[in-house]
Amino acid sequence: MLTILFFLSSGLFLGWSLGANNAANIFGTAVVTKMIKFNTAALICSVFIIIGAVVSGAGASHTLGELGAVNELSGAFIVALAAAVTVMWMTKAGLPVPTSQAIVGAIIGWNFFSKTPTNINSLYKIVGTWIFSPILSAIFAFILFHLIKKIVENSKIHLMSLDSYTRAGLIIVGAFGSYSLGANNIGNVMGVFINSSPFKDISLAGFLNLSSTQLLFLIGGIAIAVGVFTYSKKVMMTVGSGIFKLSPVTALVVVLASSITLFLFASQGLHDLLISLNLPPFPLVPVSSSQAVVGSIMGISLAKGGRNLNFKKLGKISLGWITTPVASAILTYVALFFMQNVFMQNVFK
Amino acid sequence: MPKFFNSKSKQLEGEIDGYLDRVSTAGLIFQEGVKAYVNGKKDKFERTFIDISTLESDADNVRRDIKHKLYTYMLIPESRGDVLGLLETLDDIVDICEKVLEQFSIETPNIPEFLKSDFLELAELSSKTVEEVVKGARAFFREIGMVSEYVNKVHFYEHEADDVEEHLKRNAFNSKKIESFSQKVHMRYFAEKIALVSDVSESVAERLSVYAIKRRI
């Protein structure tokens, strides 16, 4: 049991850092502008991340599994650990951190070490989605911004009522965003452990059936929730306005646009519906919520005429998107070498 | 929308609207007060002076209550500073209206017949600036796009008031119908005091236009 927990710990640590970093994308502006109290935000975020992870987490993690099926628990431990260390290092450098890219880099590192050929189709699908998702987010944000601006300016709602509607909106959209984050990103946290999962299917209270994968996701979701409660406030307060100062209403648009994007790339239901209608489905791929948020912010900046954007910081963030998977892959390779040859653990079958 | 979500907001909406009503009323009472004094209706003038004094302390209480509630319930965190700033500067208008009528009550200026129409016109223009700036403040809360229209009207009426003020002062000093220099100075003093109401309204309007720009989504 202790051994299992030890090997899962890197995934739990990755989950913790995902929660610590990404809660700011969802509730950051709401908390910093004091529209919502941190504890309220953290509670909603945690609950809906866990629900999203358990209910809808399988789709995106399946794609990661196709990229590289890490088949030993110790190997999975190293992959998750290397990704987590890369994420932490980037966080210390003050950049919004794409956990998705760290884990993909780490999986490819494992593929190189175990001499498993990387599934190129999956890789193209994943990289293509990374490029497309911020663009999609920007488009949604652009449209939503104009829509909401029109509604607010023409509806003659009193400022006080607008304030309470905005708060309610931030909570609802935040809950949706948290669900999408859980659904889309739990694969990053626990996906590598699926093939070597030590759990069995269980039944809670006689009616709630959880598969071993869902149980894994539940534990990962709890780790994310712990990250949200223990460290995300610090990230929210230090990252602050990031590349663009957001008002509560624009924050609502940003979170909604990026949450829709994450949801589209995680929803099995939508995927199946589009297939049944003979329409091209969205690939189920873990997408970086940070990238989606940056895309949304760019969409709003364009809607406002392209002013006030901190291009220097944007450039620094973009560089992080490239260096993260590379650094993660190299770190994984080195760590796997140590695990196999120094600690004498089989990292692949 | 669940009741608990916006009952405090709705309450404050009502209070803010009520406060703006009081500022608007102060402008109207001010005009009526000057009119009553100029036309020699002393009893009516005294009543308006009492009314505006009561209104001024009532408006202060409402404003303090709004401020207290905004901070206690942590409402409109992004706009709170601007909203409270706006309400405070609007309070300056109520204060100046009360002070001018008080000066009339204390100093009882002797207004000659040939200057009466100018005084009435000046009071009317100052009252109009108050009316338009309050409309601008209401638009700030509900229809941000309309603020600039009302601000322009305030500028227009303030400019008109400046012209009437100058005309009144020149008339007072050039006319042989006022013999004593002290009475000419007294007329000048009260012309400036009445015009000051429009000046204060204009400075509120300028701050209002900045707040409106900041509030735009």
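Reader: Helices here are DSSP runs (H or I) of at least four residues, numbered from the N terminus. With that settled, in which loop of chain A does A:Asn278 lie?

Author: The model is predicted. One flanking element of the loop is helix H10, residues 268-276 of chain A. The other is helix H11, residues 289-303. A:Asn278 therefore lies outside both runs, in the loop between H10 and H11 of chain A.

Reader: Is A:Asn278 buried or exposed?

Author: A residue with 12 or fewer other C-beta atoms within 10 Å is exposed. A:Asn278 has 6 such neighbours. Its phi is positive, about 55°, although A:Asn278 is not a glycine. By the neighbour count, A:Asn278 is exposed.

Reader: What about A:Lys156, buried or exposed?

Author: A:Lys156 lies in the loop between H6 and H7 of chain A. Its phi is positive too, about 55°, and A:Lys156 is not a glycine. The limit for exposed is 12 or fewer other C-beta atoms within 10 Å. A:Lys156 has 12, so this residue counts as exposed.

Reader: Which element of chain A gives the most residues to the side that touches chain B?

Author: In total, 18 residues of chain A are in contact with 18 residues of chain B. On the chain A side, two or more residues come from each of H6 (120-154), H7 (159-190) and H9 (248-264). The top contribution is six residues, and the element is H7(A).

Reader: How many residues on that side of chain A are nonpolar, polar and charged?

Author: The side in question is the one on chain A that touches chain B. Five of its residues are charged and six are polar. The nonpolar residues number seven.

Reader: Turn to chain B. How many helices and strands does its secondary structure come to?

Author: Read chain B from the N terminus on. The elements run α-α-α-α-α-α. That comes to six helices and zero strands.

Reader: How much of chain B is buried?

Author: Buried needs 20 or more other C-beta atoms within 10 Å. Chain B has 217 residues. The C-alpha atoms of chain B fill a box of roughly 70 × 35 × 20 Å along the principal axes. The buried share of chain B is 41%.

Reader: What share of the contacts in chain B joins residues at least 24 apart?

Author: Take contacts between residues at least 6 apart in sequence. The share joining residues at least 24 apart is 82%.

Reader: What is the mean pLDDT of chain B?

Author: Where pLDDT is low, the predicted coordinates should not be read in detail. In chain B, 97% of the residues reach 70 or more. The model scores ipTM 0.86 and pTM 0.85. The mean pLDDT of chain B is 94.

Terms used. Residues numbered from 1 in each chain as written. Chains lettered and ligands numbered in written order. Predicted model: local features only at pLDDT ≥ 70, side-chain atom pairs only at ≥ 80, totals over all residues. Contact = placed C-beta atoms within 7 Å. pLDDT = per-residue confidence, 0-100. Nonpolar A, V, L, I, M, F, W, Y, C, P; charged D, E, K, R; others polar.
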